[in-house]
Amino acid sequence: MTTETTPATPAGSPPSVWRHPTLRVLLAAETTSMLGTQLSAVSMPWLVLQLTGSAADMGLVMAAQLAAITVFGFFGASWTGRIGPRRIMLIGDTVRGPLVALLPVLYYLHCLNTATFVVVMFAIGAFYAPYLASQQAILPSVVGEDEQLLGRANAALHSATRLSVLLGPTLGGLLISLFGAPTVLLVDAVSFAASALLLSRLLPHTPPQAPVPRRSPTAALRLLLSDRLLSSWSAGLALGEMAWQAMFALLPVIAVTLEGGSSLVAGGLLTAFGGGALTGTLLAGRLMRRLPPRTLALTGRVGLGVVFFALPLHLPLPGLVCLLALAGLLNGVSNAPVATVRVLRIPQDRRPEALTVATALALLGGTIGWILSGTVSQHAGITPVFWGLATLQALAAVLFVVGALGTQGAASSAAVPAPSTKDPR
């Protein structure tokens, strides 16, 4: 891919990532596909329940997607690096669209059962970790290696994702009530097709490159472990994701235990987090004009380590809403800076595979948290789980601080290879 320059801006003012044509294409494609994905996040479980009436089958179907994310995030890292970010994103959108459309088609033909649902969901999940990693890996080739500019580009991409997450579930519920879950899945399939069209027509092509050596998945893992910041932050992200997914899984339980709790309470709690996260992400884009991404990353993650210890205090509903909004704000402020610092520490030719493995590790942590939270809360109650979540976030904060200590200013030598006349991609 030919690296583009950001359009000129007045002297003394930083360039605007929103004016970058290629970045706008990425943002449009991400918003389109992610909004469709959020519609499916509501309609797929609903369709399983409509088909089987079994909560166990619903859990099995959703677990199949999570299992594929972990497996292909690790074992697919090598071919992610060889194929390249642009092609991975195109393949992901092009293949997932028909796979999602297959579910309502089989349903209308009365050929859809739990086993078929599991197979299709596993196939859909196979592209998730490589796709997310490719999005992160492609940004430096679009906006350059400048830390602040890349940080604001990451913030813009995260803003598109947060907006979709905030609007998608509510819109999905409304569309299901009007048209049914199978029709909503067809809308998601169309969103993948639209994203693939945007990327194929408007995202610049990657020029021919030298063959990438075939590497085992453990090579990417060794790369992450060889650097203190990368290893500590990857472990911190996995622990943090474990805490977040456990929290999200508990929201319905929290809602019904509160006085007057209902599904509206669960939705309100999730909306509080989503609103805070979107606000924090938008704020991060502005703050990175003045503060280094590393400072914002540490501030947000240490703040989360402190805020989560308010969970076991048996807060009333308004207090819990405020707590989730504050946690979402800190999460949003730190996410884009974390992604920026991490990607610039990885050698350019190793980014797709290393980021794929790192993404898989984080999602594996989230999967464990999602599975364990219900079991533990059922046997021990919510309060011990809250203490566990606070401990996980505190440990994640410690790992972020440990990873940052003594690595300031070492990113260029650790992450970027020596200048070469060849295109690193």
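**View 1. Leu102, a partly exposed residue in a predicted model.** Leu102 has a relative accessible area of 34%. Because buried means under 20% and exposed over 50%, Leu102 counts as partly exposed. The residue lies in helix H4, which covers residues 85-108. Leu186 sits 84 residues away along the chain. The C-alpha atoms of Leu102 and Leu186 are separated by 8.8 Å.

**View 2. Helix H12, residues 293-307.** H12 has 15 residues. From first C-alpha to last, the helix reaches 21 Å, close to the 21 Å expected at 1.5 Å a residue. Buried residues in H12 include Pro293, Arg294, Leu296 and Ala297. Gly300, Arg301, Gly303, Leu304, Gly305 and Val307 are also buried.

**View 3. Two segments from the UniProt record.** The unreviewed UniProt entry lists residues 99-129 and 354-373 among those under "transmembrane region". In the model, residues 99-129 are 77% helix and 0% strand. The end C-alpha atoms of that segment are 17 Å apart. Residues 354-373 are 100% helix and 0% strand. Here the end C-alpha atoms are 29 Å apart. Other listed segments include 60-79, 174-199 and 385-405.

**View 4. The whole chain, for context.** The chain has 16 helices and zero strands. Of its 425 residues, 51% are buried. Among contacts with a separation of 6 or more, 85% join residues 24 or more positions apart. The chain exposes about 18,100 Å². Carbon and sulfur atoms supply 70% of that area.

How values were computed:
Residues numbered from 1 in each chain as written. Predicted model: local features only at pLDDT ≥ 70, side-chain atom pairs only at ≥ 80, totals over all residues. Heavy atoms only, no water. UniProt positions renumbered as here; feature names shortened; annotations may be inferred. Helix = DSSP H or I, 4+ residues; strand = E, 2+ residues; numbered from the N terminus. Expected span 1.5 Å × (residues − 1). Buried < 20%, exposed > 50% of the residue type's maximum accessible area, 1.4 Å probe, protein only. Contact = heavy atoms within 4.5 Å. Areas by Shrake-Rupley, 256 points an atom, 1.4 Å probe, with all protein chains shown as cover.
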